[in-house]
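I opened a fresh page for this one and will jot things down as I look them up. Come along and check each entry against the view.

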There are 2 protein chains.
Amino acid sequence: MHPPDQEELYLLYELQKPYIARTPLLYSETLSNLINGSVFIKAENLQRTGAFKFRGALSRLLQLSDSEKEHGIIAYSSGNFARGLATAGRLLGINIHIVMPADAPEIKILAARQQGAEVILCHEFSPSREEAASQQAIDLARQHNYTLLHPFDDLKLIKGQASVTLELLEQAQEKNITLDSLVCPVGGGSLAAGAKLAIEDCSQKPLLTTAEPEHYAGLKKSLVNQQHERDNGQTPSICDALQAVTPGVNNFDILRNSNSQCLAVKEVFIREAIQLSFRELKLVLEPSGAIGIATLIQYPQYFINQSVSIIATGGNIDSRQYRDLLIQDDIN
Amino acid sequence: MHPPDQEELYLLYELQKPYIARTPLLYSETLSNLINGSVFIKAENLQRTGAFKFRGALSRLLQLSDSEKEHGIIAYSSGNFARGLATAGRLLGINIHIVMPADAPEIKILAARQQGAEVILCHEFSPSREEAASQQAIDLARQHNYTLLHPFDDLKLIKGQASVTLELLEQAQEKNITLDSLVCPVGGGSLAAGAKLAIEDCSQKPLLTTAEPEHYAGLKKSLVNQQHERDNGQTPSICDALQAVTPGVNNFDILRNSNSQCLAVKEVFIREAIQLSFRELKLVLEPSGAIGIATLIQYPQYFINQSVSIIATGGNIDSRQYRDLLIQDDIN
């Protein structure tokens with residue numbers, strides 16, 4: 001038996017199981033040596049649709065009312081949520097409409113369309129690409145009576161994302177590992193909020209480390225100042241999936257009282273993490289999916305002698321961009 | 001209890017367990033759709049050292065006598081066996097010397113050296129690069145009283161390689177899958193011979209399909225003519241690890257009476273398999289590791305409606321070559 005708060009998370013996880021992959025928890029010798037500890041990669045790039053977002057999207061659709069299902073769904077997304085939602089919609093027979101920023105990676109736009117979703121490209125980028133796309137989705141929902149889903153700031157969805165962490169803790173237990181730290185990439189914060197919920201009543205209580213790109217560290221700013229804040233988002237980041245400048249309200253609420261460590265990560269280490277994943281882990285990671293590994297490379301001192309699990313959230317990257325990111329590796 | 005012949009294989013597998021990774025068996029939606037069946041990738045690119053060869057090398061070293069351990073080991077290898085052997089040697093404290101063809105991928109040469117092995121580069125390529133390197137290893141063994149290990153034609157090593165298949169069948173059982181086919185890349189044939197031994201007394205009896213590059217299909221030729229033969233090896237192949245022009249004598253003996261399907265695979269499909277693994281599976285595969293997937297792409301008609309497992313044997317590829325192989329993908 002699980003404690004009452006966790007009961008719901010486990011139930012949602014059970015409902016996902018017929019559709020999702022149980023992604024492996026992979027030991028990395030190279031990363032372990034870096035911190036003189038043990039590092040385990042939760043390889044959600046191997047999840048159906050190539051990213052963890054499928055879990056939350058699916059979970060959310062499974063909880064719709066019949067009338068909501070009938071009218072269809074609209075959401076905005078920079079990519080991985082779009083692909084996850086489109087696939088979940090196809091599997092469950094629900095019409096999906098998605099507003100995406102026009103500069104989203106082509107592979108993500110194509111993938112959503114191939115799954116039968118209607119993709120509307122948003123060419124507005126002010127006040128931020130996320131907020132412009134969000135507004136367009138709100139307008140379309142009103143016009144067409146679609147149900148509007150938020151890509152990360154929705155309590156039902158957050159609880160669905162918790163399954164990544166439940167599964168990871170289950171796998172750690174199977175391997176007799178007690179985790180000291182859990183590293184979560186953060187855009188809007190649903191994965192980290194879900195992780196917080198999953199850890200809460202668990203026998204293992206790894207310290208949650210959140211990883212955000214520099215200039216997009218809205219969660220770090222908010223937690224430091226204990227109020228909902230924005231980062232400047234001025235310099236572009238290669239992490240196309242982590243460009244939310246401020247965390248979701250629900251996510252911030254869940255995370256604000258948690259004992260967590262918030263780190264902002266430089267682009268150069270994200271590139272290095274992608275190359276290391278190629279060379280040593282044999283995993284294709286997109287920049288946003290590699291930021292957890294980059295955190296360990298930039299801040300090894302925070303993880304010395306620890307057992308650490310890093311969520312590698314996704315691997316959806318155009319081959320052109322991937323080739324460019326590997327070039328530096330040739331030179332070394 | 002296992003039948004007597006299998007008892008030894010399971011024992012060798014048990015001895016490997018403290019050192020090896022239990023690599024995941026991953027379902028692929030894209031490949032499943034291709035044959036209207038179910039395809040599971042045994043991801044040995046995620047094995048320690050980036051390839052399955054580590055299992056056999058380790059297993060072989062674990063069976064050395066004390067005097068053999070003391071004098072050290074010599075072997076020739078085009079790469080993955082070198083890296084696997086070097087790592088196993090380091091772990092077990094045994095001196096390793098390896099003759100490698102001078103044109104072996106730099107990543108493989110470097111990796112063996114980084115693990116403390118002495119690498120001797122062989123610049124002879126006649127009668128074939130494998131045979132020239134082999135001769136040099138034999139000469140050095142005589143001079144220095146090293147124990148000579150054959151990279152694929154050694155019964156103890158073959159039995160060690162069987163652990164890939166034992167593990168895969170175990171995982172299939174855990175997932176309630178009954179496999180119809182098992183696709184094995186073949187260079188010298190130790191993986192396929194090991195697979196044959198593992199399948200022999202198992203409750204699941206998938207049909208063994210061997211995959212060789214065109215012009216290096218020595219096993220196919222030998223099995224068709226029921227005698228040990230050579231392929232011409234005239235056109236170069238991108239599969240640097242599968243350039244044996246003739247199967248090992250022991251491997252041929254084990255495989256000659258088996259009910260197996262031998263396929264020769266064109267380079268263009270190997271390239272496509274690498275791209276598909278990047279795009280859909282998020283796995284980095286080297287050409288030799290992708291040939292099993294290429295087999296399914298070239299010959300889907302042989303696998304229609306089946307449950308198939310493909311061994312993806314390795315992921316050790318230079319980033320420069322990988323980038324070149326992805327270029328075609330950009331154009332599509």
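**Entry 1: the interface**

I started where the two chains meet, and I counted 28 residues of chain B in contact with 29 residues of chain A. A note to self before going further: this is a predicted model. How much area do chain B and chain A bury between them? I get about 2,300 Å², with 57% of it on carbon and sulfur atoms.

Next I looked at the charged pairs, and I found 4 salt bridges between chain B and chain A. One that I wrote down joins Arg48(B) to Glu29(A), with 3.0 Å between the closest N and O atoms. For polar contacts, the rule gives me 10 residue pairs across the interface of chain B and chain A, both residues being at pLDDT 80 or more. I then asked which helices of chain B each supply at least two residues of the side that touches chain A. My list has α5 (80–92), α12 (267–281) and α14 (319–331) of chain B. The largest share of that side comes from α14(B), which gives 8 residues.

**Entry 2: how the copies are related**

I superposed chain B on chain A, and a rotation of 180° with 0.0 Å of shift along its axis did it, at an RMSD of 0.0 Å. The two copies are therefore related as by a two-fold rotation axis. I also checked the contact residues: 100% of those of chain B recur in chain A, so the same surface serves both copies.

**Entry 3: the nonpolar core**

Which residues have the most contacts inside the largest nonpolar core? That core has 70 residues, and my answer is Ile293(A), Tyr322(A), Ile293(B) and Tyr322(B). I picked Ile293(A) for a look at its surroundings, leaving aside neighbours within four places in sequence. Ile293(A) is in contact with Leu31(A), Ile41(A), Ala273(A), Leu276(A), Ser277(A), Leu281(A), Leu285(A) and Ile310(A).

**Entry 4: salt bridges**

Over all chains I count 36 salt bridges. I followed a few of them in chain A.

The pair Lys159(A) and Glu8(A) came up with its closest N and O atoms 3.0 Å apart. Lys159(A) is in helix α8 (residues 155–174) and Glu8(A) in helix α1 (residues 4–16) of chain A, so this pair ties together parts that are 151 residues apart in sequence. Glu8(A) is partly exposed, at a relative accessible area of 34%.

Then I turned to Arg22(A), which forms a salt bridge with Glu170(A) at 2.9 Å between the closest N and O atoms. Here too distant parts of the chain are linked: Arg22(A) sits in the loop between α1 and β1 (25–28), Glu170(A) in helix α8, and their positions lie 148 residues apart in the count. Both ends are partly exposed, Arg22(A) at 41% relative accessible area and Glu170(A) at 27%.

A third pair is Glu131(A) with Arg230(A), a salt bridge of 2.9 Å from N to O. Glu131(A) belongs to helix α7 (residues 129–144) and Arg230(A) to the loop between α10 (218–225) and α11 (249–255), 99 residues apart. I noted Glu131(A) as partly exposed at 27% relative accessibility, and Arg230(A) as partly exposed at 42%.

I also came across a network of salt bridges that links Lys42(A), Glu44(A), Arg55(A) and Glu167(A).

**Entry 5: strand β8**

My last stop was strand β8 (residues 207–213) of chain A, where I found Leu208(A). Is Leu208(A) buried or exposed? At 3% relative accessibility, Leu208(A) counts as buried, because the cut-off is under 20%. The C-alpha atoms of Leu208(A) and Ser260(A) are 4.9 Å apart, although the two residues are 52 residues apart along the chain. Beyond neighbours within four places in sequence, the contacts of Leu208(A) include Leu182(A), Cys184(A), Ala192(A), Ile199(A), Leu255(A) and Ser260(A).

Thr210(A) lies in strand β8 as well. Thr210(A) is buried, at 0% relative accessibility. With neighbours within four places left aside, I list Cys184(A), Val186(A), Ala192(A), Leu219(A), Gln261(A), Cys262(A) and Leu263(A) as the contacts of Thr210(A). Cys184(A) and Ala192(A) thus appear in my notes for Leu208(A) and again for Thr210(A).

How values were computed. Residues are numbered from 1 along each chain as its sequence is written. Chains are lettered from A and ligands numbered from 1 in the order in which they are written. This is a predicted model: local features need pLDDT of at least 70, side-chain atom pairs count only at pLDDT 80 or more; totals for chains, interfaces and linings use all residues. Side-chain values use heavy atoms; hydrogens and water are left out. A nonpolar core is a set of buried Ala, Val, Leu, Ile, Met, Phe, Trp, Tyr and Cys residues joined through side-chain atoms within 4.5 Å. Buried means under 20% relative accessible area, exposed over 50%, partly exposed in between (1.4 Å probe, protein chains only). Contact means heavy atoms within 4.5 Å. A salt bridge is a side-chain nitrogen of Lys or Arg within 4 Å of a carboxyl oxygen of Asp or Glu. Helices (H or I, at least four residues) and strands (E, at least two) are DSSP runs, numbered from the N terminus. Copies are superposed by least squares on the C-alpha atoms of residues with pLDDT of at least 70 in both. Buried area is the accessible area (1.4 Å probe) that two parts lose on being put together, summed over both. A polar contact is a pair of N or O atoms within 3.5 Å; within protein, one must be able to donate a hydrogen and the other to accept it, and residues adjacent in sequence count only if both atoms are side-chain atoms.
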